[in-house]
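Here are a few notes to read with the structure open beside you. Take them one at a time and find each spot as you go.

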Amino acid sequence: MAVVITEVNGSIGTITLDRPKVNALSSELIEEIIAALTMMKEQNLRVVILRAKKGVKVFSAGHEISELPTNGRDPLTYNDPLRHLVRTVQLHPCPVIAMIEGTVWGGACELVMSCDLIVAADDSTLAITPAKLGVPYNLSGILNMMKVADMPVIKEMLFTARPISARRLMESGVFNHVVPREHLEGFTHELAMQIVETSPLVLRILKEELRVLASAHPITPEAYERIQSLRREVYDSEDYQEGIHAFIEKRRPEFHGR
Ligand code: YZS
């Protein structure tokens with residue numbers, strides 16, 4: 001059964017997440033989003049809209065938690081499906097607009113923050129939750145979020161793991177536009193139409209220039225290895241196991257710092 005709905009309307013492609021329950025980003029869902037993006041690239045579409053079904057309570061609950069490893073492996077390696085999806089969106093040749101209704105969690109926040117523009121309903125929220133689940137988020141993922149949110153806001157989001165309102169996300173530059181739910185589709189379509197009227201060759205190079213410049217944060221091999229070793233301490237810890245198991249067992253985690 002397909003877990004995304006793909007539509008093409010003129011030069012605008014729409015990818016609608018349609019996985020049962022809460023659109024958790026399973027490898028199956030991610031494969032289908034990537035396949036839809038590939039098809040839209042081959043068709044030279046000018047804008048892609050990434051959305052959930054109209055009226056959802058949860059836009060996406062983030063990484064499929066049952067697919068996070070509990071056998072001592074790094075949960076967010078370079079080849080994890082979520083990492084692959086984020087890179088595919090960033091490298092997609094035309095703008096990708098995230099159109100958000102409902103709540104967005106964990107890795108799905110990084111996904112929408114890696115889109116080029118975000119239009120959100122006024123009651124939507126983002127919650128970045130690795131500290132609630134015990135997951136040592138990876139460096140490029142943190143950088144992707146730092147690129148769009150002010151440092152005080154990204155710190156609050158990471159350190160509290162609490163949902164942040166659309167209003168605050170708008171103020172801190174994460175969201176481009178916040179509109180009432182009933183205007184979300186129309187507003188996003190208007191924005192997409194403005195993009196369709198521009199030069200595709202220029203947009204493609206502008207997007208790539210911005211991606212390359214925003215990612216220009218060199219670190220030394222020693223610093224990278226130090227961070228990897230600190231991350232490993234986390235995914236090898238009892239707290240990591242506790243975070244995942246507490247979610248599965250539907251209880252609050254008890255973290256002990258070991
Ligand atoms: O009980 P059933 O079988 O119906 O399943 C429940 C949940 O277990 C399931 N579900 C998920 N399954 C896999 N992966 C998920 N991320 C996930 N989230 C939820 O969906 C069914 C409905 O969930 P309920 O909790 O009963 O529904 P509700 O009370 O409406 O609450 C919905 C939310 C989304 C608020 C709640 O399920 C929730 O807090 N989910 C976890 C959100 C989260 O923290 N996601 C982050 C996942 N981790 C990542 O993306 C990163 C790797 S990290 O950890 O670094 O942030």
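1. Start with helix α8, where L184, T188, L191, A192 and I195 are buried. Keep in mind that this is a predicted model. Those five names may look scattered along the chain, so here's a handy rule: an α-helix has 3.6 residues a turn, so residues three or four places apart point the same way. In α8, the buried residues cover an arc of only 100° around the axis, so they sit on the same side of the helix.

2. What covers that buried side? The cover over the buried residues of α8 includes the strands β2 (12-17), β3 (47-52), β5 (96-100), β7 (117-121) and β10 (177-179), along with helix α9.

3. Now check the length of α8. This helix runs over residues 184-196, which makes 13 residues. From first C-alpha to last, α8 reaches 18 Å, close to the 18 Å expected at 1.5 Å a residue.

4. Next, look at α9 (residues 200-214) again, this time with α2 (residues 81-91): the two pack at an angle of about 130°, their axes 9 Å apart. That angle is why α2 and α9 count as oblique to each other. On the α2 side the contact is made by V89, Q90 and L91, and on the α9 side by K207, E208 and R211. Sorted by type, the residues of this contact are two nonpolar, one polar and three charged.

5. Finally, find H92 in the loop between α2 and β5. Is H92 buried or exposed? With a relative accessible area of 4%, H92 is buried, because the cut-off is under 20%. Leaving out residues up to four places away in sequence, H92 touches L37, M40, K41, V48 and K207. You've met K207 already, in the contact of α9 with α2.

Methods
Residues numbered from 1 in each chain as written. Predicted model: local features only at pLDDT ≥ 70, side-chain atom pairs only at ≥ 80, totals over all residues. Heavy atoms only, no water. Axes fitted to C-alpha atoms, helices over the stretch in contact; angles between N-to-C directions. Helix = DSSP H or I, 4+ residues; strand = E, 2+ residues; numbered from the N terminus. Parallel < 35°, antiparallel > 145°, perpendicular 65-115°, else oblique. Contact = heavy atoms within 4.5 Å. Nonpolar A, V, L, I, M, F, W, Y, C, P; charged D, E, K, R; others polar. Expected span 1.5 Å × (residues − 1). Buried < 20%, exposed > 50% of the residue type's maximum accessible area, 1.4 Å probe, protein only. Arc of directions from axis to C-beta.
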